[in-house]
Amino acid sequence: MFADEEFVATMRAGVQWARERDIPDPVAWADLLHAPPVTLRVIRARLDEGVAPTKSHTLPFPKGVAGELRQMTVADPFDEVVFRALVGRAASAIDDALGEEVTSYRLITPAPGWTVRDYRYAQGLRTDELDDRVASQDFGGLGTLDIRNYYPSIDVAQLGSVLLSAGVDPGVAEPIVDYLSTWHRLWGVQGVPIGLEASGLLGNVYLLPVDNALHAAGVKFGRYTDDYRLWLSGAETWAVARDVVAEAVAALGLQLNPNKTRHLSTPHGARRELTNGDITTLKALLETTPDAGLEATLDHFDAEVAKSSPDPKRLKFFLGVLKTRCHPHALAAAQCRVELLQADPKAWAAYLKTLHRHGRLDLDWLLEVVTAPVTKYTAAVTYHLLKVCVVRRVGREHGRRLGEFATDNDRTWVPVRCAAAEAWSTSDGYKATNAADAALAVGDAQQRRALVLSMRRSSASPARDKALAQLHQAVPECRPTVRWIRESCDRAA
């Protein structure tokens, strides 16, 4: 299915995403990349045996404190690489079919080593467009719409038709549809999986019929994946433009999100709803008068966390400022009200890592949070806080609790157990041979890889080397990881 060069190029291009996404790969595919021929043999064997894609897991990611949950797909890394390569074959045709109105996931480099624009750049384009539009004398209002439960609601068969209409070759479109259909049939993944970089390209192209309908109706618009902004010529055009989108969306089997359907008739209203003016002012103050800017940030943070539902985007900005200065102000709020971590688990973890690195975090509190019973609202929080644990070595008792978590086959949320394996490996009392025994005993491929990866932190020894040899013999899919540990990690140590 894949030439070696195509496979290696797509995998190298995806490393950045694997490292930085909401649920990052623990080593950013370093083990897979260490020996591409070995990795490719695993993939080809799976495809030949009809067991690809293998089981995927879901990690609920909160959009706020006890708010809406995004069901993030945590794919087996071998499967994600295949999916990325398959979609990459359609990447140029997809990008060519999209208008300049679409800013998300736009291609920089073509396949096989395809890359897309950074999301910050794309969001910057949207901000610039908003500024220009609301300042224009022609501004007649703004309509905002997006799709309810977008990625899981995509009809895979209809996606195939849209790909063909976008100019994708049938020999390229059909394997993409087949792969997604297998994911659904075997493992219950609905529509297009959330959280994979290649999904962004498919999410863009599926709404091409909606874009075409807006063009035909003469409505100017901007789009970030499924988030539409309609630039109106007057109040009377809002109902017309909204109905154009609603009809085209319904034809694709989708529904508009009523909570995101708004008509903003004035420039002031558009700015108020879509921007944070006080943060813009705060950024300027931090640049010109850092001390005053920090004091203002603390005040804004306190006001935000006092709300029952703090704004995740605002909290992310405040935490970023405090992280840069290693300022512990936000820690007390998290300790008093741990549910605040749900507002942005990744941003909170980045902030707490900095504190922990400088010895300013209560480790007992951290371990109490990460070993507490996991719920759908706390799963992503626990996952990211376990990543905080690896910053500094923890003691034997803490390590014992993390080891029990990492090797438990009965707990739900396999991705969280995988993160626990990483944390366990940095503790006193961790034994690589125990991790190897657990890896041989578990039935889940992702948990097995995480346990084997944990062994990279231990020094080479006859017992560890024997355990690696046993894993290499018994579990072919672990061979890239075992080889990486033997040849790369040991040499670096």
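Is N149 buried, exposed or partly exposed? Hold on to that one, everybody; I'll get to it after a quick tour. Please keep in mind that this is a predicted model.

Let's start with the overall picture. The protein has 26 helices and eight strands. Its radius of gyration is 24 Å, which agrees with the value near 23 Å for a compact globule of 493 residues. Along the principal axes, the C-alpha atoms fill a box of roughly 75 × 60 × 35 Å. Buried residues make up 52% of the 493. If you take contacts between residues at least 6 apart in sequence, 71% of them join residues at least 24 apart. On charge, we have 58 positive and 61 negative side chains, with the centres of the two sets 5 Å apart.

Now for the backbone. Most peptide bonds are trans, and most residues other than glycine have a negative phi. Here are some exceptions to look at on the screen.

A52 and P53 are joined by a cis peptide bond, with omega at about 0°. You'll find P53 in the loop between α4 and β1. A second cis bond runs from A111 to P112, where omega is near 10°, and P112 sits in the loop between β3 and β4.

Then there are the positive phi values. A28, in the loop between α2 and α3, has phi near 50°. This alanine counts as buried because its relative accessibility is 8%, below the 20% cut-off.

And so back to my opening question. N149 also has a positive phi, near 50°, and lies in the loop between β5 and α7. With 48% relative accessibility, N149 counts as partly exposed, since exposed would need over 50%. Thanks, everyone!

Note on methods. Residues are numbered from 1 along each chain as its sequence is written. This is a predicted model: local features need pLDDT of at least 70, side-chain atom pairs count only at pLDDT 80 or more; totals for chains, interfaces and linings use all residues. Side-chain values use heavy atoms; hydrogens and water are left out. Helices (H or I, at least four residues) and strands (E, at least two) are DSSP runs, numbered from the N terminus. The radius of gyration is taken over C-alpha atoms; the globule rule is 2.2 Å times the number of residues to the power 0.38. Buried means under 20% relative accessible area, exposed over 50%, partly exposed in between (1.4 Å probe, protein chains only). Contact means heavy atoms within 4.5 Å. Lys and Arg count as positive and Asp and Glu as negative; His and the chain ends are not counted. The place of a charge is taken as NZ of Lys, CZ of Arg, CG of Asp or CD of Glu.
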